[in-house]
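Reader: Please show me the model first. I will then ask about the sheet, the helices and a single residue.

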Amino acid sequence: MTHNLIHSVFMLFLVACCATSCNPRSTNHGYDVYLLIGQSNMAGRGTMLESDTTEAFPGVYLLNDDDKPTPARNPLNQYSTIRKNIKMQQICPGTAFSQTLAQHTHRDILLVVNAKGGTALNEWMPGTKFFNEAVRRGKEAMKFGTLKGILWHQGCADSSPAKTATYLERLSTMVDSLRTNLGVTDEVPFIAGELAHWRCSSVTFNDSIHHIDRYIPNSSWVSAEGCTWLKDSIDPHFSREGQLLLGRRYAEKLLEHFSAQ
């Protein structure tokens, strides 16, 4: 072997070693992808701090408006293709959710956050714009990794007794079609969140969500107990602290799922 060839092989070896030792969170294995959809509390209404928009989350990435991973910074719903005005996008459950998962799994997380405030379940059914965009962006993210979970927070627009009565049947139809269109099976968990506990209109809806696993395979729910309000007892939105607490509960639920596999 010539001197030049030996040198070339040695340099390639050094590059490979540096790539593995200097970057212990290497993304060569692919991202763990999570799809976050729903209405305003998933879009995020919790108050942001100035540092939230400048500091990236370690090990967490966000699918941007070019459908490429970029270091995650708040607001996480900023690249949503269906969102309301950017000024309305604040802290959402995805913040604490992704940070908690990254810390516990030591995996690189890729979030697809595509939510819009005020939307009803009927606007998310198969064939609608919201559904189609969730599928399209989910597939784009899956080019970079594996879909590991779907987070859903929606229901204020469906919390009347009449709508709540048929909610789980309609949600089941949506989730089944969503999984099918994303090309995944029931092995990908679907986690829904309760609505604000301080609102009387949430009681029946939350009781219904507790039975989600009877309608949707491999599904569960997270509690909103202790999540405080943003403005007052009329406001359906969670505060910053409430959003972070909810996000940690979403992460804990998925960690329970992973440990049971």
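Reader: In what order do the strands of the open sheet of seven strands stand?
Author: The model is predicted, and helices and strands are DSSP runs (H or I, at least four residues; E, at least two) numbered from the N terminus. Two strands pair if DSSP finds at least two bridges between them. The pairing in this open sheet is mixed, and the order is S3-S2-S4-S1-S5-S6-S7.

Reader: Which strands stand at the edges, and why is one side of each left without a neighbour?
Author: Each edge strand has a single partner strand, so the other side has no neighbour in the sheet. The strands in question are S3 (69-71) and S7 (219-222).

Reader: What does the twist average from one strand to the next?
Author: Directions are taken from axes, which are lines fitted to C-alpha atoms (for helices, over the stretch in contact), and angles between N-to-C directions run from 0 to 180 degrees. From one strand to the next, the average twist is 30°.

Reader: Which residue stands opposite Tyr-61 in S3?
Author: S2 and S3 run antiparallel and are joined by three bridges. In S3, the residue opposite Tyr-61 is Pro-71.

Reader: Which strands does helix H3 touch as it packs on the sheet?
Author: Contact means heavy atoms within 4.5 Å. H3 covers residues 94-105, and its direction makes about 160° with that of S4. The strands it touches are S1, S2, S4 and S5.

Reader: What conventions apply to the numbering and the cut-offs?
Author: Residues are numbered from 1 along each chain as its sequence is written, and side-chain values use heavy atoms, with hydrogens and water left out. As this is a predicted model, totals for chains, interfaces and linings use all residues, while side-chain atom pairs count only at pLDDT 80 or more and local features need pLDDT of at least 70.

Reader: Is S4 enclosed or open, and which residues cover its two faces?
Author: Buried means under 20% relative accessible area, exposed over 50% and partly exposed in between (1.4 Å probe, protein chains only). Five of the five residues of S4 are buried, so the strand is largely enclosed by the rest of the structure. One side has Ile-109, Leu-111 and Val-113, and the other has Leu-110 and Val-112.

Reader: Which residue of S4 is the bridge partner of Tyr-61?
Author: S2 and S4 pair in the parallel sense over three bridges. S1 also pairs with S4 in the parallel sense, over five bridges, and there Tyr-34 stands opposite Leu-111. For Tyr-61, the partner in S4 is Leu-110.

Reader: Which residue in S6 stands opposite Leu-151?
Author: Seven of the nine residues of S5 are buried, so this strand too is largely enclosed by the rest of the structure. S1 and S5 pair in the parallel sense over eight bridges, with Leu-35 opposite Ile-150. S5 and S6 (residues 190-193) pair in the parallel sense over three bridges, and Leu-151 faces Ile-191.

Reader: How far apart are the end C-alpha atoms of helix H4?
Author: The expected span of a helix is 1.5 Å times one less than its number of residues. For the 13 residues of H4 (residues 129-141) that gives 18 Å. The ends agree with this, being apart by 18 Å.

Reader: Which elements do the buried residues of H4 pack against?
Author: The buried residues of H4 include Phe-131, Ala-134, Val-135 and Gly-138. They pack against S1 (31-38), S2 (60-63), S4 (109-113), S5 (145-153) and H5 (161-182).

Reader: Which residues of H5 make the contact with H4?
Author: The axes of H4 and H5 come within 9 Å and cross at roughly 35°. On the H4 side are Phe-131, Ala-134, Val-135, Gly-138 and Lys-139. On the H5 side are Met-174, Ser-177, Leu-178, Asn-181 and Leu-182.

Reader: Are H5 and H6 roughly parallel or antiparallel?
Author: Angles under 35 degrees count as roughly parallel, over 145 as roughly antiparallel, 65 to 115 as roughly perpendicular and the rest as oblique. H5 and H6 (residues 202-209) pack at an angle of about 20°, with their axes 10 Å apart. The two helices are therefore roughly parallel.

Reader: What is the relative accessible area of Phe-130?
Author: Phe-130 is found in helix H4. Beyond its neighbours within four places in sequence, Phe-130 is in contact with Ile-82, Lys-116, Thr-119, Glu-123 and Trp-124. Phe-130 is buried, with a relative accessible area of 9%.
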